[in-house]
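Q: Please take a close look at one part of this model and describe it as you would to a colleague at the bench. I would like to follow it residue by residue, with the reasoning spelled out where a category is assigned, and then to see what else in the chain can be described in the same way.

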Amino acid sequence: MANISSLGSAAGIDGESIIKQLLAVETQPKTKVQAENTTLNTNLSTWGKIQSAFAAVKDAANALTKNDFWKATTATSSDDTAVSVTPSTESSAGSYAVAVQSLAQSQYVASSAFTDKTATVGEGTLTIELGTFTANPTAPPAATFAAKAAATAVNIEIGPGDNTLEKIRDKINAANAGVTASLVTDASGTRLVVRGANTGADNAFRISVSDADGANSDGSGLSALAYDPSADITSMTRSQAATNAKATINGLEVTSDSNTLKNVVDGLTIKLNKVTDTATASNPVNLTVNTDTAGIRKGIDAFSKAYNDAIGLIRVQTMYDADSKTGGPLQGDSTAVGLLNQLRSMAGTSTSASSVFTRLSDIGLEMNKDGTFTTNETKIGKALSDNLGELQKFFATSNDADATGAGMAQRFYKMASQITDSDGSIAARTDGIKSTIRRNEKKIDDIDNRLTLVEARLRAQYTALDNSMTKLNSLSAYVSQQLSVLTSS
């Protein structure tokens, strides 16, 4: 906007001030539309909060419809350091006495000491094979070996560039042979230690050696790393045998190649951490599995809170405060009032899904005058302890054919889904608001364009007036001068 401070001065008027006042009048419609958009954007934000509140109701109700939610259990151990337990939705309430006779172990073998990790061992082929060793009472050989089903012997070639202790370790680890190699150094020197990657008797291993120089059993060269009791070759020393875990559960003997027992008891994962049953005494660990009523209560509380939050939000946004004489941003909004009534109406309905509970008040969710819930601790505690099956039916029963036979959580979930869907009532309301905002923004642009034209026209008019008055003033001065000359002569 160009400013000419002397605009209209020739005519003796303040043209700049007049233009500003005229433009202020022309701007009033724009100010009104801008104020309307401010209100609409506030309403749009409020509807976003309501959308989120109904989404929370939907999620909380949906959780109560899931079978796994009602089957959740908790499990405790009298000694977690010895036996720990993790439940699942397949677990059933019960008690279990677990005594551990032995833990599952991996096989360990160690070589004789070498000077250091760079010591040259030898060249040839190491063959590693997984399986089970069984002691041979008519030795020799000291044991028999049965290869593990589906396991394949792995050949590891040791050439001139691989024949040091550390390079052999790396070759073994890269071979994926079901074992892991490491180096242990002490005052005697450095040893190659090979352990089974997995526990269990059928994860034992033997190491056969084919020396490049043909010396296969004299303990020199690569033969220093041989271990095969089934051939009476034990250049390496076994420090730990591969064994299964052994335990009793309620007196029933169980064995496992792992210290983690999965589904030995339906739905439970039992981890054996240490031996509890020795040759002199049995010391069982007691495992207790209970229905997770605390978790179920938490889910019901979450549903109640989501409902109360939605009721409270809509009430505040639609109410009129007589003291401050102000209304909420959605006061008088029929859609918002309708949603409030819809929530309260649903909360007051009954269901035939359960033979024990009919209304939410029966299970302890009692409605206040403002439409929110208060929890009756006595009722909900009794429902959880005495009628959990009926409580599940009351909330979770699905019945598409007859709405009155559907559980309350199913009905709330369906209602909230319809309201929050892309074609639901909230979306329709917000789409209408967004459309009005866009129309108003177009009006503001049109007004701005018109104001630019009006200002240009006014400035042109006052500039022309200023020019005309300048000419008239010049003419008046000339006439006055001439008259003065005539008069003086």
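A: A residue is called buried when its relative accessible area is under 20%, exposed when it is over 50%, and partly exposed when it falls in between. The model is a predicted one, and the part chosen here is a sheet, together with a loop that leads to one of its strands.

That loop runs between strand S10 (204-211) and S11, and Asp232 lies in it. The relative accessible area of Asp232 is 42%, so Asp232 is partly exposed. Its backbone also deserves attention, since the phi of Asp232 is near 55 degrees, a positive value in a residue other than glycine.

The sheet itself is open and consists of four strands in the order S8-S9-S4-S11, with antiparallel pairing. Strand S8 (179-186) and strand S11 (237-240) are its edge strands, each of them pairing on one side only. On average, and with direction ignored, neighbouring strands of the sheet are turned by 30 degrees against each other. Between S8 and strand S9 (residues 189-196), which run antiparallel, there are eight bridges. Within this part of the sheet, Asp186 stands opposite Gly189 in S9. Helix H3 (residues 165-174) lies across S8 and S9, and its direction is at about 155 degrees to that of S8.

Asp186 takes part in a side-chain contact as well. Side chains of opposite charge can pair when their charged atoms come close. Asp186 and Arg191 form such a pair, a salt bridge with an N to O distance of 2.9 Å. Asp186 has a relative accessibility of 41% and therefore counts as partly exposed, and Arg191, with a relative accessible area of 24%, is likewise partly exposed.

With the sheet described, the same terms can be carried to the other salt bridges. The total comes to 14 salt bridges. One of them joins Lys30 to Asp448, with the closest N and O atoms 2.7 Å apart. This pair links distant parts of the chain, since Lys30 is in helix H1 (residues 15-63) and Asp448 in helix H9, with their positions 418 residues apart. The partners are not in one burial category: Lys30 is buried, with a relative accessible area of 16%, whereas Asp448 is partly exposed at 28%.

Another salt bridge is formed by Arg429 and Asp333, where the closest N and O atoms are 2.9 Å apart. Here too distant parts of the chain are linked, with Arg429 in helix H9 and Asp333 in the loop between strand S18 (326-327) and helix H5 (334-347), 96 residues apart. Asp333 counts as buried because its relative accessibility is 9%, while Arg429 counts as partly exposed at 26%. A network of salt bridges, rather than a separate pair, links Glu129, Arg206 and Asp228.

Helix H9 (residues 425-488) also holds Leu483. Leu483 belongs to a nonpolar surface patch of about 620 Å², made together with Leu472, Leu475, Tyr478, Val479 and Leu486.

A further set of strands offers a contrast in topic. Strand S12 (residues 245-249) has four of its five residues buried, so S12 is largely enclosed by the rest of the structure. S12 runs antiparallel to strand S3 (residues 94-102), to which four bridges join it, and in this pairing Val98 stands opposite Ile249 in S12. S12 also runs antiparallel to strand S13 (residues 252-256), with five bridges between the two, and there Lys246 stands opposite Thr255 in S13. S12 and S13 form a hairpin with two residues between them, and Asn250 in the turn has a positive phi of about 50 degrees.

One more backbone feature can be set beside Asp232. Ala150, in the loop between strand S6 (143-147) and strand S7 (154-158), has a phi near 70 degrees, again a positive value in a residue other than glycine. Ala150 has a relative accessible area of 84% and is therefore exposed, whereas Asp232, at 42%, is partly exposed.

Definitions and conventions:
Residues are numbered from 1 along each chain as its sequence is written. This is a predicted model: local features need pLDDT of at least 70, side-chain atom pairs count only at pLDDT 80 or more; totals for chains, interfaces and linings use all residues. Side-chain values use heavy atoms; hydrogens and water are left out. Two strands pair if DSSP finds at least two bridges between them. Axes are lines fitted to C-alpha atoms, for helices over the stretch in contact, and angles run from 0 to 180 degrees between N-to-C directions. Contact means heavy atoms within 4.5 Å. Patches are made of residues with over 30% relative accessible area and no salt bridge: like charges are joined within 9 Å, nonpolar side chains (Val, Leu, Ile, Met, Phe, Trp, Tyr) within 5 Å. Accessible areas come from the Shrake-Rupley method with a 1.4 Å probe; for residues, only the protein chains shown count as cover. A salt bridge is a side-chain nitrogen of Lys or Arg within 4 Å of a carboxyl oxygen of Asp or Glu. Buried means under 20% relative accessible area, exposed over 50%, partly exposed in between (1.4 Å probe, protein chains only).
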